[in-house]
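Colleague: I should be grateful for a close look at how the strands are arranged. Please give the account as one connected description.

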Amino acid sequence: MRLLPYIAISGVLAAPPFSSGSDTLTLRAVPNPNTHINLVTTQAHLYQKYNISLPAALASALQRQQQHQHQQQDSLTARGETGSSVAYPSSLNDGEYFMEAEIGTPPRLFRLNLDTGSSDLWVYGAAIPKHLAKEQARYDPAGSSTSELVPWELWFAGYIDWSFVGGIVYRDTVALGGDHGGAERMKSLVVEGQAVQVAQMVARSIAQDAGMDGILGLGFDKLNFAWPTKQKTWFSNIKDRLSRPLFTVDFQHKKQGKFTFGCIDGAVGPVTYTPVDARRGYWAWSSPGYAIGSKPFTKRALKGSLDTGTTLLLLPDDVVKDYYAGVPGLTYSVVEQGYIFDCGVTLPDFTFGVEHATITIPGAYVKGMGTDSMPGKCIGAIQSGAGDMVVFGAPALKAGLAVFDAGSMQIGWANKTLV
């Protein structure tokens with residue numbers, strides 16, 4: 001199978017100018033009830049996202065999955081029916097969160113997945129057929145008096161499972177906050193002339209995520225996929241107007257959390273900071289080690305990215321085997337491409353270090369939903385990456401509050417009351 005890489009594009013950055021200020025904003029982080037992300041595709045996208053070669057076993061599982069989905073679609077077509085195929089292998093349905101943004105004049109509401117592992121603000125465009133984007137909001141430049149096409153500017157993201165999204169670029173007004181139907185008008189942060197990457201084409205597999213209208217990338221600007229001129233992220237354009245050039249992420253387990261921009265909530269306890277390595281464009285940092293349950297702390301460097309856009313905590317295989325050791329019914333599923341276990345078990349807590357402090361992920365946050373391939377078995381949100389690959393995804397962000405500090409180039413972690 002030929003693997004389709006991301007198209008990584010170099011170039012200068014384009015953005016509107018801003019003067020400094022002292023704004024802050026708090027927004028809801030809303031769990032997406034429509035998230036259905038299977039483990040094979042999730043892992044494949046992560047490998048592609050971080051420019052790591054796909055392991056042969058995962059590539060084979062991806063190919064089997066695609067063949068299965070094509071067979072299901074062919075069967076529907078032969079019967080004169082339409083619909084989406086059942087996820088194969090099983091789906092994870094917890095860990096994707098969205099926020100609400102207003103785009104255009106008059107403003108239109110979009111539900112965006114805040115993703116610190118990418119740097120594109122993209123939404124579905126009016127050119128996407130309705131049968132593909134049935135429930136998503138679509139951006140129509142003709143409906144916004146502040147919309148302006150960026151001439152000759154294109155963007156494209158191709159994924160290793162042959163899914164893709166791409167199109168053209170407009171500039172328009174983008175606001176976070178504002179009035180979304182509540183009793184009070186919320187404060188909003190507005191960027192005029194923000195680059196909005198509008199999808200003119202999209203793979204069915206991406207459009208099936210009905211709870212999301214697009215992505216708000218908050219990685220560093222060098223990851224942006226626009227060409228020939230890389231575009232600045234919304235946060236890059238707003239950060240000099242904030243009281244402090246930072247944002248925080250506070251996910252909650254199966255309930256609403258929050259994002260803040262320009263401030264750290266006063267109720268947050270002590271924050272422990274650690275340096276960021278942004279050379280590749282990611283919010284990368286290094287944990288000094290881990291502990292499992294009540295066992296002693298193990299010194300073991302875990303260097304990776306803090307990624308709000310993924311449902312997994314990806315760790316080196318020796319750490320993952322240590323975590324699942326002794327869990328009843330544990331097995332590695334070739335179909336699922338991950339560790340599965342008896343659904344009735346209680347998983348141990350997983351603790352990771354932050355300099356001299358620690359954050360503990362309850363075992364309940366690691367247990368995923370049941371598998372389709374083996375009834376009675378459940379998928380774990382802690383899985384193995386190739387070599388020393390580490391990605392701190394939603395399980396970590398549900399266990400601790402994270403501070404993304406672009407001014408001091410550091411990440412902060414604080415413990416919080418867990419639910």
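Modeller: Two strands are said to pair if DSSP finds at least two bridges between them; the strands themselves are DSSP runs of E with at least two residues, numbered from the N terminus. This is a predicted model, in which local features need pLDDT of at least 70 and side-chain atom pairs count only at pLDDT 80 or more, while totals for chains, interfaces and linings use all residues. Residues are numbered from 1 along each chain as its sequence is written, and side-chain values use heavy atoms, with hydrogens and water left out.

An open sheet offers a convenient starting point. Seven strands make it up, in the order β23-β22-β17-β18-β27-β19-β26, and their pairing is mixed. At its edges are β23 (357-361) and β26 (382-385), each of which pairs on one side only. The neighbour of β26 is β19 (residues 313-316): the two run parallel and are joined by four bridges. Within this pairing, Leu313 stands opposite Ile382 of β26.

The strand that repays the closest attention is β14 (residues 246-252). Seven of its seven residues are buried (under 20% relative accessible area with a 1.4 Å probe, protein chains only), so β14 is largely enclosed by the rest of the structure. In a regular strand the side chains alternate between the two faces of the sheet. In β14, Leu246, Thr248, Asp250 and Gln252 point one way, whereas Phe247, Val249 and Phe251 point the other way, and all of them are buried.

β14 has two partners to consider. With β28 (residues 400-405) it pairs in the antiparallel sense over four bridges, and Thr248 stands opposite Val403 there. With β15 (residues 255-261) the sense is again antiparallel, over five bridges; the bridge partner of Asp250 in β15 is Lys258. β14 and β15 form a hairpin with two residues between them, and Lys254, in the turn, has a positive phi of about 60°.

Side chains add to the contact between β14 and β28. The structure holds 22 aromatic pairs (Phe, Tyr or six-membered Trp rings with centres within 6.5 Å). Phe247 and Phe404 form one such pair, which is stacked (planes under 30 degrees apart), at 4.7 Å centre to centre and with 5° between the planes. Since Phe247 belongs to β14 and Phe404 to β28, the pair ties together parts that are 157 residues apart in sequence. Both of these phenylalanines are buried. They also belong to a cluster linked by ring pairs, whose members are Phe220, Trp234, Phe235, Phe247, Phe261, Trp283 and Phe404.

Elsewhere, β7 (residues 121-124) is likewise covered on both faces: Leu121 and Val123 are buried on one side, and Trp122 and Tyr124 on the other. Strands of a sheet pair through backbone hydrogen bonds, either parallel or antiparallel. β7 illustrates both senses, pairing antiparallel with β11 (residues 214-217) over three bridges and parallel with β10 (residues 188-202), also over three bridges. Val123 takes part on each side: its bridge partner is Gly214 in β11 and Val198 in β10.

What lies beside Val123 on the β10 side? Gln197 is found in β10, and its C-alpha atom is separated from that of Val123 by 6.5 Å, although the two residues are 74 residues apart along the chain. Gln197 is buried, with a relative accessible area of 1%.

Gln197 also helps to line the second largest cavity. A cavity is a set of points on a 1 Å grid over the protein atoms alone where a 1.4 Å probe fits but cannot get out, and its lining residues have an atom within 4 Å of a point. This cavity has a volume of about 30 Å³ (the space filled by probe spheres set on the points). Its lining consists of Ser119, Asp120, Leu121, Gln194, Ala195, Gln197, Asn224, Gln231, Lys232 and Thr233. Strand β10 supplies the largest share, three residues, while Leu121 of the lining is one of the buried residues of β7. By class, the lining divides into two nonpolar, six polar and two charged residues.

Note on methods: Buried means under 20% relative accessible area, exposed over 50%, partly exposed in between (1.4 Å probe, protein chains only). Rings of Phe, Tyr and Trp (its six-membered ring) pair if their centres lie within 6.5 Å; planes under 30 degrees apart count as stacked, over 60 as edge-to-face and the rest as tilted. On a 1 Å grid over the protein atoms alone, a cavity is a set of points where a 1.4 Å probe fits but cannot get out, and a pocket is an open set with protein on both sides within 12 Å along at least five of seven lines; lining residues have an atom within 4 Å of a point. Ala, Val, Leu, Ile, Met, Phe, Trp, Tyr, Cys and Pro count as nonpolar, Asp, Glu, Lys and Arg as charged, and the others, Gly among them, as polar.
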